[in-house]
Amino acid sequence: GPDPSFNNGYNVSNSLVFYLSALYAPPVPAPGPMVPPASMFGNVPGYEGTLAGGGGGYLHPPMPLHPTQDPEPAPVPQDWSIPSITEDVARERFIMYASGYCCYNNAPAKDGVITNMQAFNTYRYRLETFTESRSTEWATKPYEGEPADFYTQTAPRPWEIPVTGPSLFQNHEENIKVPYTSSNKPCHTCSASGKMPCHECNGSGTKVCWVCNGSGRRGGDSPCIQCNQRGRENCSKCHGNGTKECETCKGKQQLLTYINLKVEWKDNVEDYVVEQKSGLEVDNLSDVTGKTLFKNAQYMLYPVYGFPDPSLSQASDRLVREHQAKYSQNSRILQQQQTIELIPITKVTYKWKGGTHVYYIYGNKHQVKVPDYPATCCCSIM
């Protein structure tokens, strides 16, 4: 029959190989957070269907208790005059613009001769719809002795929970623990041990010495003082313990599970700029301010009618209808506001060294846009 000593030797050798493989194996990447099992959460009356798949979907707001009053059409002012700038202001702003670039010779700005200044009436319509939306989802946190109030009373429904909102048209978010939905459960990540194997050292508590690469010697016959000739040193991540604190429960072994209510206030803004034929692209006007001609805020707005430019009235009608239909589905409209601004644009034509060039001055702060500056040079930084 087979030699028993051979089998024993083979088994011992295999065990040693497996041990050394685990000892010298490269670190295993830490896994992502484990998803809590569905059995961890109970059924909460009033939340049936709102937490399917973990929750997170927006909840339909309740109908108002009393019929809302129809908004009244706001009067439209008739002052559509456009501010103008003088040649001195146009030249001064052009010189300041050129002086802001190290590669620009300011001669065109200083010596160029202005031959024409043309003003353009440009209007921006802005509609803001301030909404409140609510969504729920199951959440967990390390248990720190909080009272578990699950089923002690009926949990209030999402839109019944009183919440203090921000000022109108200010974006804000609040997360609230829904009362009477809390319970403590064993941590599913660490099986309620509070610890997890260290992924840096594969749970061994030691790593190959970085100085001698595990030989215990350095520079020939010199003993390695980093690891005291052991060839291994304690893992710095777990301090030689082989385990680390569980990141899910922070070592508490228990989790508090509860329904989290997320309340989001959002200012939904949409602009329409009346097309102008100055040559200046509309994108340049997104960050500028103009002269406010009209401003109106109500719970629900009527579109602006009777504006001299019919395209703006049409845009107002379209946007108001779209906002009221879109944002009343999964959120509650708290207030709407519409504004009409007059954005001044002046196209300046000038001559310099026999060539004809243009630049634009626009907005209340007289910003400058130069499509093609005629005197630039290549700069180098020494």
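**Talking through the predicted model**

Biologist: Where does Arg-232 lie?
Modeller: Arg-232 lies in strand β9, which covers residues 232-234. Please keep in mind throughout that this is a predicted model.

Biologist: And what is the nearest side chain of opposite charge to Arg-232?
Modeller: That is Glu-233, at 9.4 Å, and Arg-232 has no salt bridge although it is buried. A salt bridge here needs a side-chain nitrogen of Lys or Arg within 4 Å of a carboxyl oxygen of Asp or Glu.

Biologist: Which side chain does Arg-232 make a polar contact with, then?
Modeller: The side chain of Arg-232 makes a polar contact with the side chain of Thr-206, at 2.8 Å.

Biologist: How many salt bridges does the count come to?
Modeller: The count comes to eight salt bridges. One of them joins the side chains of Glu-132 and Arg-332, with N and O at 3.4 Å. This pair links distant parts of the chain, with Glu-132 in strand β2 (residues 113-142) and Arg-332 in strand β13, 200 residues apart.

Biologist: Is Glu-132 buried or exposed?
Modeller: Glu-132 is buried, with a relative accessible area of 6%, whereas Arg-332 counts as partly exposed at 29% relative accessibility. Glu-132 and Arg-332 are also linked with Arg-134 in a network of salt bridges.

Biologist: What does Lys-141 form a salt bridge with?
Modeller: Lys-141 forms a salt bridge with Glu-146, and the closest N and O atoms of the two are 2.6 Å apart. Lys-141 counts as partly exposed, at 25% relative accessibility, while Glu-146 is buried, with a relative accessible area of 17%.

Biologist: Okay, and which side chain meets Glu-200 in a salt bridge?
Modeller: Glu-200 meets the side chain of Lys-207, at 2.8 Å from N to O. Glu-200 counts as partly exposed at 29% relative accessibility, and Lys-207 counts as partly exposed as well, at 28%.

Biologist: Changing topic, how many residues does the largest nonpolar core have?
Modeller: The largest nonpolar core has 17 residues, and those with the most contacts inside it are Ala-90, Phe-94, Tyr-359, Val-370 and Tyr-373. At least two residues of this core come from each of α2 (87-99), α3 (107-111), β13 (332-352) and β14 (355-362).

Biologist: Which of these gives the most to this core?
Modeller: Helix α2 gives the most, with four residues.

Biologist: What does Ala-90 touch?
Modeller: Leaving aside residues up to four places away in sequence, Ala-90 touches Ile-85, Ile-114, Met-117, Val-348, Tyr-359 and Ile-361. Apart from the largest core lies another core, of 14 residues, among them Leu-293, Leu-301, Leu-312 and Val-320.

Biologist: Where does Phe-294 lie?
Modeller: Phe-294 lies in strand β12, which covers residues 291-298, and Phe-294 is buried, with a relative accessible area of 6%. From C-alpha to C-alpha, Phe-294 and Ile-340 are 5.1 Å apart in space, although they are 46 residues apart in sequence.

Biologist: Now the cysteines: how many disulfides does the count come to?
Modeller: The count comes to zero disulfides. Cys-212 is in no disulfide, and the nearest cysteine sulfur, that of Cys-227, is 3.7 Å away.

Biologist: Why is Cys-212 in no disulfide?
Modeller: A disulfide here needs cysteine sulfur atoms within 2.5 Å, so the 3.7 Å from Cys-212 to the sulfur of Cys-227 does not qualify. Cys-212 is buried, with a relative accessible area of 6%, whereas Cys-102 is exposed, with a relative accessible area of 68%.

Biologist: Which loop is Asn-202 found in?
Modeller: Asn-202 is found in the loop between β5 (195-197) and β6 (206-208). Phi of Asn-202 is near 60°, a positive value in a residue other than glycine, and Asn-202 counts as partly exposed at 28% relative accessibility. As background, most residues other than glycine have a negative phi.

Biologist: And what about the phi of His-366?
Modeller: His-366 is not a glycine either, yet has a positive phi of about 55°. His-366 lies in the loop between β14 and β15 (367-369) and is partly exposed, with a relative accessible area of 25%.

Biologist: Last one, what does the secondary structure of the chain come to?
Modeller: The secondary structure comes to four helices and 15 strands, and of the 382 residues of the chain, 36% count as buried. Among contacts in the chain with a separation of 6 or more, 82% are between residues 24 or more positions apart.

Note on methods: Residues are numbered from 1 along each chain as its sequence is written. This is a predicted model: local features need pLDDT of at least 70, side-chain atom pairs count only at pLDDT 80 or more; totals for chains, interfaces and linings use all residues. Side-chain values use heavy atoms; hydrogens and water are left out. Buried means under 20% relative accessible area, exposed over 50%, partly exposed in between (1.4 Å probe, protein chains only). Lys and Arg count as positive and Asp and Glu as negative; His and the chain ends are not counted. A polar contact is a pair of N or O atoms within 3.5 Å; within protein, one must be able to donate a hydrogen and the other to accept it, and residues adjacent in sequence count only if both atoms are side-chain atoms. A nonpolar core is a set of buried Ala, Val, Leu, Ile, Met, Phe, Trp, Tyr and Cys residues joined through side-chain atoms within 4.5 Å. Contact means heavy atoms within 4.5 Å.
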